[in-house]
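Welcome, and thank you for joining this tour. Please open your viewer and keep the selection tool at hand.

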Amino acid sequence: MEFRSPNVATQQNAKAISYLTKNLNDPAAGRQRVKALIEELGNATDFFPDWHPILTAPPRHPGEHVASLTESPTYRELDHTVEFVRGFVTCPYSDEGADKLVDTVRAVPGLEAYRLKEPLYSDQAHPVVVVAVDVELEADGTIRSRDALTWFAQLSAATAAGAQVAETWWNIRSNILGAPHGSRSSLFVNQHTGTHMRKILEAMNASGMFGPIKESSLDMLSQKKRDAICQTLIRTAIDKWDKASPSFDFEMRGETCKASVRDTWDDQTEISVRVEIGKYDLYVSGFYYLEDQRITHSEPRGRRDLAEKFL
């Protein structure tokens, strides 16, 4: 489904307002406070992209990957947190903890923190706002393109020395775009920026600087195609099964497929099936129901070129 930023932003902001005000004695005042935060910090989000200054500015060990606020010692006092494009608000119950968080954040270049006078989340909480001061927003509410691209490229290059494999766009786009996101944009970056991020990543991967390319997500394929791949491999495994062996190999379209099949409940109603080619070059799993010969499955994982052999 197409990612529609205005609709998603409206939903995210409504969710943030509800979460931060529903327990207050004066929710109307709380709603006004959260709306003011949205004006200052941008739209409410689910989680930050890896390159965002909120995650990269705090001190970390060389080569350390910080993927969320809770992984950074700088934000140790977090409690009941809502993230926005430029920063976040968190609502610890400890007055001392709130002061400690403000002092710790203010010691980090590029970050600012302050306490709110008005309560949020709970009348007993002590809200703290943290802002990445260098984050400037475009007219559409996303981060300025040149800044986002620079931060993304800098972080990507810094990880090259310790990398063992190159991750494809489809494997790590959530880490690059933040959430919620679409195929190449999010509330943090618009399609122009997201498209260039993908080009930068693919150029770096092609250079070999990260090592061999690891492909696992098949999200680039339509849901119909992903379903067809799973259906083909699972149904073939069932057809080749001798009704006794828990694991066996079969050949299909020039590939050796390793299957694991078992009666889930030992009652001949549901059969658990896994099919793997290579070492996770392609992996599918699901269930086959004997009564109506129906198949359900999880999302397939593996290499696109191999998966498309089974369409």
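A residue is called buried when its relative accessible area is under 20%. By that rule V128 is buried, because its relative accessible area is 0%. Keep in mind throughout that you are looking at a predicted model.

**Stop 1: the whole chain**

Start with everything shown as a cartoon. The protein chain has 311 residues, and 47% of them count as buried. Its secondary structure comes to nine helices and 13 strands. Turn the C-alpha trace along its principal axes and you will find that it spans about 70 × 50 × 35 Å. Now think about contacts between residues with a separation of 6 or more: 57% of these link residues 24 or more positions apart.

**Stop 2: V128 and strand β5**

Select residues 128-132, which make up strand β5; V128 is found there. Which residues does V128 touch, not counting those up to four places away in sequence? Show the side chains of F88, V89, T90, A98, L101, V102, A113, Y114 and R115, and you have its partners. For a distance to try in the viewer, pick the C-alpha atoms of V128 and V108: they are 16 Å apart in space, with their positions 20 residues apart in sequence.

**Stop 3: the nonpolar cores**

Next, go to the largest nonpolar core, which has 61 residues. Select W51, I54, Y75, M197, L233 and V275, the members that touch the most other members. Helix α8, residues 223-240, gives the largest share of this core, six residues. Apart from it lies another core of 19 residues, including I17, L37, Y121 and V131.

Zoom in on I54 for a moment. Leaving aside neighbours within four places in sequence, I54 is in contact with F48, L69, Y75, R86, G87, F88, L111, V130, V131 and A132. As background, nonpolar side chains tend to be buried together in soluble globular proteins.

**Stop 4: helix α6**

Select residues 169-177 to bring up helix α6, where W169, W170, N171, R173, I176 and L177 are buried. What covers these buried residues? Among the covering elements are α5 (145-158), β6 (166-167), α7 (191-207) and β7 (213-214). Just after the helix comes G178, whose phi is positive, near 75 degrees.

Now pick I176 within helix α6. Is I176 buried or exposed? It is buried, because its relative accessible area is 4%. Not counting residues up to four places away in sequence, I176 touches P49, W51, F152, W169, M197 and L201. The C-alpha atoms of I176 and A158 are separated by 15 Å, and the two residues lie 18 apart along the chain.

**Stop 5: the largest pocket**

Switch on a surface and look for the largest pocket, with a volume of about 700 Å³. How many residues line it? The lining has 24 residues, and D50, H65, T159, I172 and F210 lie nearest the centre of the pocket. The elements giving two or more residues to this lining are α5, β6, α6 and α7. Of the lining, α5 provides the largest share, four residues. Colour the lining by residue type and you will see 12 nonpolar, eight polar and four charged residues.

**Stop 6: two cysteines**

Select C230 and C257. Why is C230 not bonded to C257? The closest cysteine sulfur to that of C230 is in C257, 13 Å away, so the two are too far apart for a bond. For comparison, a disulfide needs the pair of cysteine sulfur atoms to be within 2.5 Å. C257 is in no disulfide either, and a search of the whole structure finds zero disulfides. C230 is buried, with a relative accessible area of 0%, and C257 also counts as buried at 0% relative accessibility.

**Stop 7: R304 and helix α9**

Finish at residues 304-307, helix α9, where R304 lies. With a relative accessible area of 37%, R304 is partly exposed. Show E215, L218, M220 and L221 as sticks: R304 touches them, not counting residues up to four places away in sequence. As a last distance, pick R304 and S245, which are 30 Å apart in space, C-alpha to C-alpha, and 59 residues apart in sequence.

Key:
Residues are numbered from 1 along each chain as its sequence is written. This is a predicted model: local features need pLDDT of at least 70, side-chain atom pairs count only at pLDDT 80 or more; totals for chains, interfaces and linings use all residues. Side-chain values use heavy atoms; hydrogens and water are left out. Buried means under 20% relative accessible area, exposed over 50%, partly exposed in between (1.4 Å probe, protein chains only). Contact means heavy atoms within 4.5 Å. On a 1 Å grid over the protein atoms alone, a cavity is a set of points where a 1.4 Å probe fits but cannot get out, and a pocket is an open set with protein on both sides within 12 Å along at least five of seven lines; lining residues have an atom within 4 Å of a point. Grid points are joined across faces, edges and corners, and a volume is the space filled by probe spheres set on the points. Ala, Val, Leu, Ile, Met, Phe, Trp, Tyr, Cys and Pro count as nonpolar, Asp, Glu, Lys and Arg as charged, and the others, Gly among them, as polar. A nonpolar core is a set of buried Ala, Val, Leu, Ile, Met, Phe, Trp, Tyr and Cys residues joined through side-chain atoms within 4.5 Å.
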